[in-house]
Amino acid sequence: HNTIRPQFTIVPANTSALLGSDVSLACVARGDPPPEISWKMLRGSIPLKRAHFDEERLLISNVSELDAGTYICMAENKAGSIEAAATVTVLCKCESMG
């Protein structure tokens with residue numbers, strides 16, 4: 001029985017979100033055996049109290065400035081592992097000066 005290295009069918013896209021809103025990053029991979037998806041941040045850590053994971057995405061609710069940065073999706077099975085990265089930018093609804 002051949003194992004098949006993971007391959008991304010959906011990779012996360014760079015995204016921006018308003019402060020206090022929700023942001024989601026999609027990541028889907030296939031392979032044999034089906035790969036496990038895991039998420040990490042390049043710098044800092046994912047806010048687990050506000051993060052929800054399912055088979056297809058990472059959702060962070062009530063985004064704060066600390067959540068801005070690069071998120072890495074890793075898909076891994078016995079045949080190997082692959083990574084894809086996306087940057088989240090947090091925008092502030094600041095009043096313009098003047």
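The exercises below, each with a worked solution, concern a predicted model.

**Exercise 1.** Find how many disulfides the whole structure holds, and determine the handedness from the torsion about the S-S bond of cysteine 27 and cysteine 73.

*Solution.* A search of the whole structure returns 1 disulfide, and the test to apply is that the two cysteine sulfur atoms lie within 2.5 Å. Cysteine 27 and cysteine 73 meet this test, since their sulfur atoms are 1.9 Å apart. The torsion about their S-S bond is about -75°, and the disulfide is therefore left-handed. As for placement, cysteine 27 sits in the loop between β3 (23-26) and β4 (28-32), while cysteine 73 belongs to strand β8 (residues 69-77), so the pair ties together parts that are 46 residues apart in sequence. Both cysteine 27 and cysteine 73 are buried.

**Exercise 2.** Work out the strand order of the open sheet of 3 strands, and explain why β3 and β6 each have one side without a neighbour in the sheet.

*Solution.* The order is β3-β7-β6, and the pairing is antiparallel. β3 and β6 (51-53) stand at the edges with a single partner strand each, which means that one side of each has no neighbour in the sheet. From one strand to the next the twist averages 15°. Turning to one of the pairings, β6 is joined to strand β7 (residues 57-60) by 3 bridges, and alanine 51 stands opposite isoleucine 60 in β7.

**Exercise 3.** State what the chain contains over residues 6-89 in terms of helix and strand.

*Solution.* UniProt, in an unreviewed entry, places the feature "domain: Ig-like" at residues 6-89. Over these residues the chain is 0% helix and 60% strand, with the end C-alpha atoms 28 Å apart.

Notes: Residues are numbered from 1 along each chain as its sequence is written. This is a predicted model: local features need pLDDT of at least 70, side-chain atom pairs count only at pLDDT 80 or more; totals for chains, interfaces and linings use all residues. Side-chain values use heavy atoms; hydrogens and water are left out. UniProt positions are given in the numbering used here, feature names are shortened, and annotations may be inferred rather than shown by experiment. Helices (H or I, at least four residues) and strands (E, at least two) are DSSP runs, numbered from the N terminus. Buried means under 20% relative accessible area, exposed over 50%, partly exposed in between (1.4 Å probe, protein chains only). Two strands pair if DSSP finds at least two bridges between them. Axes are lines fitted to C-alpha atoms, for helices over the stretch in contact, and angles run from 0 to 180 degrees between N-to-C directions.
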